[in-house]
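Visitor: I would like a close look at a single part of this protein, with its surroundings explained step by step. Please take your time and connect each detail to the next.

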Amino acid sequence: MAGSTDKVSSFLTNLHSELKPLVDTEFEHIMYAKAEDVRHDFSEPKIHPGDAQYYCRVLNERFLVDNHKHKMFLDMLEFENVIEGMNIFCEDILKISLVAESPMSGEMYDNSIVKVGVFDEKEGLVGYI
């Protein structure tokens, strides 16, 4: 646990100070992209709530050298593909397998978390990751 409210406050303050320059830079890029899009002076465009996601996508498409290679790279990093690669390694070298399992109700705090069972060839279920 956090321990105290002072620790939480300190953590959030430090996090804010580290992220603020990055957010400011990204916002500047979004403003510049919108200025180009609507052909206004760089300092003039107003960013509306729906603009951020759109202009982030525009910037990603603009700055990616090869979208196809980028997509292939991102596909390799998808959870299922990583687990499949780890499973091949684990089965060949360690003689264990990784199997996605359905969590019991209330076991995971978020639906995006995947429960993975670790199974040994001889002993069966060893544990979960």
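Guide: Asn87 lies in helix 4, and in this predicted model the residue is a convenient place from which to follow how that helix meets the sheet. With a relative accessible area of 17%, Asn87 counts as buried, because the cut-off for that class is under 20%. Once residues up to four places away in sequence are set aside, Asn87 touches Ile96, Ser97 and Leu98. Strand 1 covers residues 96-101, and the contacts of Asn87 with Ile96, Ser97 and Leu98 therefore fall within that strand.

The wider arrangement fits these contacts. Helix 4, made up of residues 79-94, packs on the sheet and touches both strand 1 and strand 2, and its direction makes about 150 degrees with that of strand 1. Between helix 4 and strand 1 there is a loop, and Lys95 has its place there. The phi angle of Lys95 is positive, near 60 degrees, although the residue is not a glycine. At 40% relative accessibility Lys95 is classed as partly exposed, whereas Asn87 is buried.

The sheet itself comes next. It is an open sheet of 3 strands in the order 1-2-3, and the pairing is antiparallel. Strand 1 (96-101) and strand 3 (124-128) stand at the edges and have a single partner strand each, so that one side of each is left without a neighbour in the sheet. From one strand to the next, the twist averages 35 degrees.

Taking the pairs in turn, strand 1 is joined to strand 2, residues 115-120, in the antiparallel sense over 6 bridges. Leu98, one of the residues that Asn87 touches, stands opposite Val118 in strand 2. Further along this pairing, Glu101 has Lys115 of strand 2 as its bridge partner. Strand 2 also pairs with strand 3, again in the antiparallel sense, over 4 bridges. Here Val118 has Gly127 of strand 3 as its bridge partner, while Gly117 stands opposite Tyr128, also in strand 3. Val118 can thus be followed across the sheet, with Leu98 opposite it on one side and Gly127 as its partner in strand 3. Strand 2 and strand 3 form a hairpin, with 3 residues between them. As general background for reading such a sheet, the side chains of a regular strand alternate between the two faces.

To place this part within the chain, note that the protein has 4 helices and 3 strands, which run α-α-α-α-β-β-β from the N terminus on. Another buried residue in a helix offers a companion to Asn87: Leu59, in helix 2 (residues 51-63), is buried with a relative accessible area of 10%. Leaving aside neighbours within four places in sequence, Leu59 is in contact with His29, Ile30 and Ala33. Two of these, Ile30 and Ala33, are among the buried residues of helix 1, a list that also includes Met31, Lys34 and Ala35. The C-alpha atoms of Leu59 and Glu26, which are 33 residues apart along the chain, are separated by 9.9 Å.

Helix 1 deserves a few words of its own, since Leu59 is in contact with residues in it. The helix runs over residues 5-38, and at 1.5 Å a residue its 34 residues should span 50 Å, which agrees with the 46 Å between its end C-alpha atoms. Helix 1 bends by about 35 degrees at Leu19, and a proline, Pro21, follows within four residues. After helix 1 comes Arg39, whose phi is positive, near 60 degrees, as is the phi of Lys95 after helix 4.

For the protein as a whole, buried residues make up 16% of the 129 residues, and both Asn87 and Leu59 belong to that class. Among contacts with a separation of 6 or more, 19% are between residues 24 or more positions apart. The accessible surface comes to about 10700 Å², and 59% of that surface belongs to carbon and sulfur atoms.

Definitions and conventions
Residues numbered from 1 in each chain as written. Predicted model: local features only at pLDDT ≥ 70, side-chain atom pairs only at ≥ 80, totals over all residues. Heavy atoms only, no water. Pairing = 2+ DSSP bridges. Helix = DSSP H or I, 4+ residues; strand = E, 2+ residues; numbered from the N terminus. Axes fitted to C-alpha atoms, helices over the stretch in contact; angles between N-to-C directions. Contact = heavy atoms within 4.5 Å. Buried < 20%, exposed > 50% of the residue type's maximum accessible area, 1.4 Å probe, protein only. Areas by Shrake-Rupley, 256 points an atom, 1.4 Å probe, with all protein chains shown as cover. Expected span 1.5 Å × (residues − 1). Bend = angle between axes of the 7 residues up to and from the residue.
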